[in-house]
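User: I would like to go through the reasoning behind some labels on this structure. Please set each value against the cut-off it has to meet.

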Amino acid sequence: MSFLHEKQSRQYMLFLCLVCVCITGFFALACCLQAKGTQRALLERERAIASSLLSSGVSPMIVAQAYGNEESTAEGISFLERAGLWERSNPWLLWTVRRATEIAFPFLMGGACFLSAVLLAGTFLFLMKREKLYQEAAQVIGEYAEGNFTHHLKRDQEGTLYQLFGAAEQLSKALQARGETLLWAKEFLKETVSDISHQLKTPLSALSMYTEIILEETDNPRTVQKFTRKSVQSLARMETLIGTLLKVMRLDAGSVLFEKRACRMESLLSDALGQLYIRAERENKRILQEGDPEAVLVCDPVWTAEALSALAKNALDHIEAGGTVRIGWKRTRAMLRLWVADDGCGIDPEDMPHIFKRFYRSKNSGDTQGAGLGLALAKSIVEGQEGILTAESVPGEGAAFFITFLKEELLDA
């Protein structure tokens, strides 16, 4: 009987029990009163009969003998039937019955009316409270249906009704989460379209200008060749931008399924830095590795290599010719930590809280061709694999980015 766990139901059941006790006590008292009334009516009747007989000259001894007699005779029965006193007589015509009823009836009717009124009042009060609770619940659930989750159903008691309220609250939380997800998806799509539009505006304008120049200078092969190269570069930049942005969007939307397996750091860095070594050599820069090449990390090799490549490219973008990018890693009993450090211009303190935002470019970015997506991509990849990406910097002395994978992401070589 789980409904008894509810406070209102317990109170109403207690009230009913008290009413039942009162009814039982009342009828016990009514029986006693009825017996007392019947006794009084019989005594009054007997006194009247005795008084009539004695006043008629009947001997007191005969009267006493008559009252002591316990046997009925045919003559006596016949006499009373002729007088209308027999089993089929209307009880209201019998003076003794009528008198006993007149004594007990007011008490019985009064008590019955009082107890009925108490029972009806208690039931009405219980139903009113329950109706109020239902109306409040209906109002709150109606607000849930309209997307308003500021109010909540009562869940401060036990019982089946409050279990139902709890289930409705769980449903409202699911609806709220779904609504927030849909709103986030809508805002995400809006921001993404805005970002793509903004970032493609410059290379598209450049392509349009280059095309116009080529069309106007068709008789000048050197000019055509020069701006054709520029067009190819703009197209390559757009391709890189769109590809990187699509990767960031997939990661932010949670649609990427990381396929983790054991990877040696030597192989992982080879995939991540292959093309960057060529660039570093062309720009007179160095990329150095520091760490045990046989160390093993459990990760998605394709995406993790993408993150390391983005960090290394960012470092190359911010160092001058002759500068160095150091990529190192160290394994402890609890974690494996990787870092990508450079000796470039560093990051200003006011830029530090924003460096992982999409399309953010600090004032030290200069003329670098980056779109401000590399660090955002790296952070999404690392955190998608339950890792941690942080940054440290001293302005003018360089910057360092640290990737930390905890123990459960490691395997013995």
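Analyst: The model is predicted. A place to begin is Leu-288, which stands opposite Arg-326 in E4.

User: What makes E2 and E4 a pair, and in which sense do they run?

Analyst: Two strands pair if there are at least two bridges between them. E2 and E4 have 5 bridges, in the parallel sense, so the pair meets that cut-off of at least two.

User: How do you know that E4 and E5 pair, and in which sense?

Analyst: Strand E4 (residues 324-331) and strand E5 (residues 335-342) share 7 bridges in the antiparallel sense. The cut-off is at least two bridges, so E4 and E5 count as paired. One partnership joins Lys-330 to Arg-337 in E5. The two strands form a hairpin, with 3 residues between them.

User: Why is the pairing of the sheet called mixed, and what is the strand order?

Analyst: The order in this open sheet of 5 strands is E2-E4-E5-E7-E6. Strands of a sheet can pair either parallel or antiparallel. Here E2 and E4 are parallel, whereas E4 and E5 are antiparallel; the pairing of the sheet is mixed.

User: Which are the edge strands, and what makes them so?

Analyst: They are strand E2 (286-290) and strand E6 (388-394), each of which pairs on one side only. Neighbouring strands of the sheet are turned by 15° against each other on average, direction ignored.

User: Which strands does helix H7 touch, and at what angle to E2 does it lie?

Analyst: Helix H7 (residues 265-282) packs on the sheet and touches E2, E4 and E5. Its direction makes about 165° with that of E2. Helix H9 (residues 374-384) also packs on the sheet, touching E6 and strand E7 (398-406), with its direction at about 140° to that of E6.

User: How does the span of H7 compare with the expected one, and where does H7 bend?

Analyst: H7 has 18 residues and reaches 25 Å from its first C-alpha to its last, close to the 26 Å expected at 1.5 Å a residue. H7 bends by about 55° at Leu-273. Just after H7, Asn-284 takes a positive phi of about 60°.

User: Which residues of H7 are called buried, and what covers them?

Analyst: Buried requires under 20% relative accessible area. In H7 the label applies to Met-265, Leu-268, Leu-269, Ala-272, Leu-273, Leu-276, Arg-279 and Ala-280. Their cover includes strand E1 (261-264), E2, strand E3 (296-299), helix H8 (301-317), E4 and E5.

Notes
Residues are numbered from 1 along each chain as its sequence is written. This is a predicted model: local features need pLDDT of at least 70, side-chain atom pairs count only at pLDDT 80 or more; totals for chains, interfaces and linings use all residues. Side-chain values use heavy atoms; hydrogens and water are left out. Helices (H or I, at least four residues) and strands (E, at least two) are DSSP runs, numbered from the N terminus. Axes are lines fitted to C-alpha atoms, for helices over the stretch in contact, and angles run from 0 to 180 degrees between N-to-C directions. Contact means heavy atoms within 4.5 Å. The expected span of a helix is 1.5 Å times one less than its number of residues. The bend at a residue is the angle between axes fitted to the seven residues ending there and the seven starting there. Buried means under 20% relative accessible area, exposed over 50%, partly exposed in between (1.4 Å probe, protein chains only).
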